[in-house]
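I opened my notebook today to look at a ligand site and some ring pairs. Here is the structure I had on screen.

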Amino acid sequence: MSIFSKIAAGEIPSEKVYSDEKVYAFKDINPQAPTHILVIPKAHIPSVDGITAENSAVVAHIFEVIPTIAAAENLTNGYRVVSNCGQDAGQTVHHLHFHILGG
Ligand code: 5GP
């Protein structure tokens with residue numbers, strides 16, 4: 001089980017900002033911006049490279065909830081959405097996640 005699967009399951013504590021049946025969002029432990037949130041699918045996908053026709057619905061759902069999360073965090077002036085994929089991008093946790101960076 002990936003560290004982020006354990007976070008989504010509540011086995012590792014995190015600062016939750018959003019949760020539903022498919023998606024979990026929480027504050028990054030080492031923020032790179034005043035607001036730094038990670039959004040993950042509860043089901044394990046290793047990275048952007050692991051997105052397929054079979055599992056991409058959750059990715060669409062993630063992008064549906066990102067504006068809700070951004071609004072709840074008062075990111076009214078805008079924000080970045082980033083996903084690092086693979087070694088050259090510096091991906092350190094091999095469970096698909098989207099960084100929301102703002103403030
Ligand atoms: P990556 O470099 O893979 O794109 O991003 C992984 C992110 O996960 C990093 O920004 C790192 O700070 C964050 N992170 C790693 N472990 C934990 C953890 O246990 N809890 C939380 N909240 N964030 C984590």
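My entries below cover the ligand site and then the aromatic rings.

**Ground rules.** I am working with a predicted model, where local features need pLDDT of at least 70, side-chain atom pairs count only at pLDDT 80 or more, and totals for chains, interfaces and linings use all residues. Residues are numbered from 1 along each chain as its sequence is written, and side-chain values use heavy atoms, with hydrogens and water left out.

**Ligand site.** I looked up the shell first: 16 residues surround the ligand (a heavy atom within 4 Å of it). Lys-27, Asp-28, Asn-84, Thr-92 and His-99 come nearest.

Next I checked polar contacts to the ligand (pairs of N or O atoms within 3.5 Å). Polar side-chain atoms of Asn-84 and His-99 sit 2.8 Å and 2.9 Å from an oxygen atom of the ligand. Val-93 uses a polar backbone atom, 3.1 Å from a ligand oxygen. I also noted that the ligand alone exposes 520 Å², of which the protein buries 83% (Shrake-Rupley method, 1.4 Å probe).

**Rings.** I found three aromatic pairs (ring centres within 6.5 Å). Phe-63 and Phe-98 have ring centres 5.1 Å apart and planes at 75°, so I logged them as edge-to-face (planes over 60 degrees apart).

How exposed or buried are Phe-63 and Phe-98? Phe-63 is partly exposed at 40% relative accessibility, while Phe-98 is buried at 6% (buried is under 20%, exposed over 50%, partly exposed in between, with a 1.4 Å probe and protein chains only).

Last entry: ring pairs join Phe-4, Tyr-24 and Phe-26 into a cluster.

Key: A polar contact is a pair of N or O atoms within 3.5 Å; within protein, one must be able to donate a hydrogen and the other to accept it, and residues adjacent in sequence count only if both atoms are side-chain atoms. Rings of Phe, Tyr and Trp (its six-membered ring) pair if their centres lie within 6.5 Å; planes under 30 degrees apart count as stacked, over 60 as edge-to-face and the rest as tilted.
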